[in-house]
Amino acid sequence: MYKAAITGTGLFTPMQSISNDELVESFNSYVAAFNAENAAAIEDGSVAPLQESSSAFIEKASGIKSRYVMNKEGILDPMRMAPNIPERPNSEPSVLCEMATAAAKDALAQANKTAADVDAVLVACSNLQRAYPAISIEVQQQLGMDGFGFDMNVACSSATFALQTALDLVKAGTARSVLVLNPEVCTAHLNFRDRDSHFIFGDVATAILVERQDLMSVDTYYEVVSAKLKTIFSNNIRNNFGFMNRCAPEAQANADKLFVQEGRKVFKEVSPMVANMIVEHLADNDFTPDQLKRMWLHQANLNMNVLIAKKVLGRPAEEGEAPVILDEYANTSSAGSIIAFHKYRDDLAVGDTGVICSFGAGYSVGSVIVKKCAKA
């Protein structure tokens, strides 16, 4: 068995961003047009009028102030309200491949490695662009590396579940190093006409390089002390889009072919489950919550993260203990906790311990205890 380490992370951020004010202006234009077009039906009670959104509502409900997107124009067009991302010919890299490759190169540079040092690529995200060939194998080709790749989907927990898989591959000697990539075009499966969720998601891609400690080319790294995974089936977060939809064409345009959730139920059920799992995971590895220097939590909802951190620590988290990036990036599904780790880990001292934790549809929870170390 080999010892494994996280030696590099990468981040690809789209060039375009949408503020809450911009998003609200587009949404409210759609609402006004819908209500005007259906005025008679609204008057006789057969159609319910749509309600306007506001920046204040969005920020209070989620903590989100803006989001990065792959296409801004299509989303803000009240007649379209979806990103405009044309299909590419098979001879060109796919959108997910392009995003993942950029993040991968960032992680390799940070770890002082090249593609020749990598044996495996795992693409893990909430929505894959296609069924096959695997996006991971396409990335493998773009990087010019040998070895193998495969795709994974555990929704918002995809990154931590893939991280556990990468650790197993490295420890067993199956691969010298593994790239875990999380390309998320979340705006493509978001219903921008739904007031309760039109503001939730943004687009991004992240990368993690996991490799054998005896092959590292960095002075400091993160040792993974332990990883714990848990799933419990729930319909409270769901997306029914898939190849079977063509077999029931009458339902292809239904709302459930995009992201749908019972937000209040998710908050009530998932928050304590995540907090309890982190505390139990720490105890299983002889840690107490007061030994945690940082929690890099899934970035779905600020209120949720505040509550989880408070339940774990037994007190409100101090500034820096549970860093937030969703105000700038919004919910980026599997990538959220990795963005937080990428941006807020360098200041920890050697010997400090933290937890990378993701949670979401499934339900699924992934808890990864990491410790900052220095190369001997």
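Visitor: What makes Glu-321 count as buried or exposed?

Guide: The relative accessible area of Glu-321 is 13%. Buried means under 20%, so Glu-321 is buried. The model is a predicted one, and the values discussed here are computed from it.

Visitor: Why is the contact between Arg-315 and Glu-321 called a salt bridge?

Guide: The side chains of Arg-315 and Glu-321 meet with N and O 2.9 Å apart. The cut-off is 4 Å between a side-chain nitrogen of Lys or Arg and a carboxyl oxygen of Asp or Glu, so the pair qualifies as a salt bridge. Arg-315 has a relative accessible area of 31% and is partly exposed. Elsewhere, Lys-228, Glu-280 and Asp-284 are joined into one network by salt bridges that share partners.

Visitor: How many salt bridges does a search of the whole structure find?

Guide: The search finds 12. One of them pairs Lys-72 with Glu-22, at 3.0 Å from N to O.

Visitor: What makes the pair of Lys-72 and Glu-22 a tie between parts apart in sequence?

Guide: Lys-72 belongs to helix 4 (residues 72-76) and Glu-22 to helix 1 (residues 20-37), so the salt bridge ties together parts that are 50 residues apart in sequence. Lys-72 is partly exposed at 23% relative accessible area, and Glu-22 is partly exposed at 28%.

Visitor: Which class do Lys-257 and Asp-256 fall into, buried, partly exposed or exposed?

Guide: Lys-257 has a relative accessible area of 12%, under the 20% limit, so Lys-257 is buried. Asp-256 is at 25%, between the limits of 20% and 50%, so Asp-256 counts as partly exposed. Lys-257 and Asp-256 form a salt bridge, with their closest N and O atoms 2.8 Å apart.

Visitor: Which residues have the most contacts inside the largest nonpolar core?

Guide: They are Val-274, Ile-278, Ile-308, Cys-357 and Phe-359, in a core of 47 residues. At least two core residues come from each of helix 1, helix 8 (263-284), strand 11 (292-297), helix 9 (302-313), strand 12 (353-360) and strand 13 (364-374). Helix 8 gives the largest share, eight residues.

Visitor: Which residues is Ile-308 in contact with, leaving aside its neighbours within four places in sequence?

Guide: With those neighbours left aside, Ile-308 is in contact with Ser-271, Val-274, Ala-275, Ile-278, Leu-297 and Phe-359. Another core, of 37 residues, lies apart from the largest one; Met-152, Val-224, Tyr-329 and Ile-338 are among its members. As background, nonpolar side chains in soluble globular proteins tend to be buried together.

Visitor: How many aromatic pairs does the count come to?

Guide: The count is eight. Phe-57 and Phe-199 are one pair, with 5.8 Å from centre to centre and 90° between the planes.

Visitor: Why is the pair of Phe-57 and Phe-199 called edge-to-face?

Guide: The centres are 5.8 Å apart, within the 6.5 Å cut-off for pairing. The planes stand at 90°, and over 60 degrees counts as edge-to-face, so that term applies. Phe-57 lies in helix 3 (residues 55-62) and Phe-199 in the loop between strand 6 (177-185) and strand 7 (203-212), so the pair ties together parts 142 residues apart in sequence. Phe-57 is partly exposed at 23% relative accessibility, whereas Phe-199 is buried at 4%.

Visitor: What makes the pair of Phe-148 and Phe-150 stacked?

Guide: The planes of Phe-148 and Phe-150 are at 5° and the centres 6.5 Å apart. Stacked needs planes under 30 degrees apart, so this pair is stacked. Phe-148 is partly exposed at 29%, and Phe-150 is partly exposed at 31%.

Visitor: How do you know that the charged end of Arg-212 sits over the ring of Tyr-2?

Guide: The distance from the charged end of Arg-212 to the ring centre of Tyr-2 is 3.9 Å, and the distance limit is 6 Å. The rule also sets an angle limit of 35 degrees from the ring normal; the pair is listed as a charge over a ring. Arg-345 likewise lies over the face of Phe-341, at 5.0 Å from the ring centre. Phe-341 also forms one aromatic cluster with Tyr-222 and Trp-296.

Visitor: Why is Asp-214 called exposed?

Guide: Its relative accessible area is 52%, and exposed means over 50%, so Asp-214 is exposed. Asp-214 is placed in the loop between strand 7 and strand 8 (220-231). A polar contact of 2.8 Å joins the side chains of Asp-214 and Arg-212.

Note on methods. Residues numbered from 1 in each chain as written. Predicted model: local features only at pLDDT ≥ 70, side-chain atom pairs only at ≥ 80, totals over all residues. Heavy atoms only, no water. Helix = DSSP H or I, 4+ residues; strand = E, 2+ residues; numbered from the N terminus. Buried < 20%, exposed > 50% of the residue type's maximum accessible area, 1.4 Å probe, protein only. Core = buried A, V, L, I, M, F, W, Y, C linked by side-chain atoms within 4.5 Å. Contact = heavy atoms within 4.5 Å. Phe/Tyr/Trp six-rings, centres within 6.5 Å; stacked < 30°, edge-to-face > 60°. Polar contact = N/O pair within 3.5 Å; in protein donor to acceptor, adjacent residues only side chain to side chain.
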